[in-house]
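Subject: A structure for you to explore

Hi,

I'm passing on a structure that I hope you will enjoy looking through. Please open it first, and then read on for what was found in it.

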Amino acid sequence: MREKSLKIAISGKGGVGKTTLSSLLCYLYARDGQRVLAVDADPDANLGTALGFPPEMLAKLTPISEERKLIKERTGAEPGTIGAIYSLNPQVEDIPDTYVAEYRGIKLLRMGSITQGGTGCACPENTLLKSLLDHIVLERNEIAILDMEAGLEHFGRGTARGVDAFIVVVEPGRRSIETAQAVVKLANDLGVQNVYAVVNKVHEGQLAELEQEINFLPILGHFPYDPVVVEADFRGKNLFDLSESFVQEAEKIKEKIDSLLR
Ligand SMILES: Nc1ncnc2c1ncn2[C@@H]1O[C@H](COP(=O)(O)OP(=O)(O)OP(=O)(O)O)[C@@H](O)[C@H]1O
């Protein structure tokens with residue numbers, strides 16, 4: 001099969017379901033036989049758990065932001081030092097193959113947190129993380145699903161243009177809609193238009209109104225509020241194995257993404 005290159009960034013307000021959607025998409029692309037890199041770029045998230053990685057595997061996987069030896073080796077400076085002289089162009093090409101855990105055909109990379117000030121903070125660890133993000137988006141020939149923090153703060157213009165689809169997860173709630181508006185604004189500032197929404201946690205009767213509220217975004221699909229997701233989370237199991245209806249809806253979303261990009 002021909003290797004496919006596809007970069008999807010998933011954002012939205014905290015707790016809306018970014019990690020849940022990311023994990024479903026990872027499994028669907030892996031099931032197609034594609035090489036999948038799952039990037040946990042949200043310090044609050046635990047994409048590895050949502051993917052059902054064994055806990056002992058996750059325990060051994062240190063976030064890149066905490067790999068002090070690696071940061072020093074690649075940038076030439078101690079992490080946390082501001083004002084030191086260090087490489088602005090560190091070597092990162094091997095990281096998505098080496099500093100990862102692999103389970104059921106999915107490679108998991110934990111970025112860890114970019115320290116205060118986002119990309120504006122000039123310190124060695126941020127430089128390494130930013131170079132790594134650029135490399136994953138612009139140079140790797142695989143499917144990368146990026147589970148991001150709320151917005152798109154980590155993206156520079158060039159990298160943002162390399163992302164095939166930005167998906168904002170929206171739940172019925174004012175703050176979630178406001179975050180979606182903020183993401184669209186940031187995307188416009190970055191010069192990208194390919195932003196889509198996925199609606200999550202809708203209760204009966206809420207969908208039409210919510211769709212109306214977010215009519216500034218094309219909607220790729222919607223998931224209901226369903227205790228099976230909480231159960232999966234609680235048991236550390238992946239939803240892909242537990243819910244046929246969530247898998248079916250995720251499949252429709254995947255097909256829409258694939259057709260948009262064809
Ligand atoms: N459709 C759903 N129905 C019920 N509960 C859900 C649904 N989707 C997600 N949840 C629950 O909401 C919580 C947050 O989900 P998830 O971790 O996917 O969101 P997130 O946006 O990645 O969160 P964070 O910002 O903390 O990383 C979890 O406890 C999850 O089980």
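In which loop does Arg 104 lie? Arg 104 belongs to the loop that runs between β3 (101-103) and β4 (106-110). Before going further, please keep in mind that this is a predicted model.

Let me stay with the backbone for a moment. Arg 104 is not a glycine, and yet its phi is positive, at about 45 degrees. That is worth a second look because most residues other than glycine have a negative phi. Arg 104 counts as partly exposed, because its relative accessibility is 41%, and the partly exposed class runs between 20% and 50%.

Lys 201 gives you another example to look at. Its phi is also positive, near 60 degrees, and again the residue is something other than glycine. You can find Lys 201 in strand β7. With a relative accessibility of 27%, Lys 201 is partly exposed.

Now to the ligand. Where does the ligand sit? The ligand is in the largest pocket. Three elements each give two or more residues to the shell around the ligand: α1 (18-31), β7 (195-202) and α10 (227-235). There are 20 residues around the ligand, and the ones that come nearest are Thr 19, Thr 20, Asn 200, Pro 224 and Asp 233. Sorted by class, this shell holds seven nonpolar, six polar and seven charged residues.

Some atom pairs here are good ones to find on your screen:

- Gly 17 places a backbone N or O atom 3.0 Å from an oxygen atom of the ligand.
- Pro 224 has a backbone N or O atom 2.9 Å from a nitrogen atom of the ligand.
- Asp 233 uses its side chain: an N or O atom there is 2.8 Å from an oxygen atom of the ligand.

How much of the ligand does the protein bury? On its own the ligand would expose 620 Å², and the protein buries 84% of that area.

Next, here are some residues to visit one by one. Try guessing for each whether it is buried or exposed before you read the answer.

Start with Lys 13, which is in the loop between β1 (6-11) and α1. Lys 13 is buried, because its relative accessible area is 13%, and buried means under 20%. Lys 13 also shows how a chain can bring distant parts of its sequence together: Ala 150 is 137 residues away along the chain, but the two C-alpha atoms are separated by 5.0 Å.

Leu 25 is in helix α1. Is Leu 25 buried or exposed? Leu 25 counts as buried, with 0% relative accessibility. From Leu 25 to Lys 201, the residue you met above, there are 176 residues along the chain, and their C-alpha atoms are 17 Å apart.

Glu 142 sits in the loop between α6 (124-139) and β5 (143-147). Glu 142 is buried too, with a relative accessible area of 0%. Which residue does the side chain of Glu 142 join in a polar contact? The partner is Arg 140, and the contact between the two side chains is 2.7 Å.

For a contrast, go to Pro 227 in helix α10. Pro 227 is exposed, because its relative accessible area of 56% is over the 50% cut-off. Pro 227 and Glu 93 are 134 residues apart in sequence, and their C-alpha atoms are 40 Å apart in space.

The last stop is Leu 239, in helix α11 (residues 239-242). Leu 239 is buried, with a relative accessible area of 4%. Its C-alpha atom is separated by 27 Å from that of Arg 174, a residue 65 positions away along the chain.

If you would like an order for your own tour, begin with the ligand in the largest pocket, then turn to the positive phi of Arg 104, and finish with the side-chain contact between Glu 142 and Arg 140.

Have fun exploring, and write back with any questions.

Best wishes

How values were computed:
Residues are numbered from 1 along each chain as its sequence is written. This is a predicted model: local features need pLDDT of at least 70, side-chain atom pairs count only at pLDDT 80 or more; totals for chains, interfaces and linings use all residues. Side-chain values use heavy atoms; hydrogens and water are left out. A residue is near a molecule or strand if one of its heavy atoms lies within 4 Å of it. A polar contact is a pair of N or O atoms within 3.5 Å; within protein, one must be able to donate a hydrogen and the other to accept it, and residues adjacent in sequence count only if both atoms are side-chain atoms. Accessible areas come from the Shrake-Rupley method with a 1.4 Å probe; for residues, only the protein chains shown count as cover. On a 1 Å grid over the protein atoms alone, a cavity is a set of points where a 1.4 Å probe fits but cannot get out, and a pocket is an open set with protein on both sides within 12 Å along at least five of seven lines; lining residues have an atom within 4 Å of a point. A molecule sits in a cavity or pocket if more than half of its atoms lie within 2 Å of its grid points. Helices (H or I, at least four residues) and strands (E, at least two) are DSSP runs, numbered from the N terminus. Ala, Val, Leu, Ile, Met, Phe, Trp, Tyr, Cys and Pro count as nonpolar, Asp, Glu, Lys and Arg as charged, and the others, Gly among them, as polar. Buried means under 20% relative accessible area, exposed over 50%, partly exposed in between (1.4 Å probe, protein chains only).
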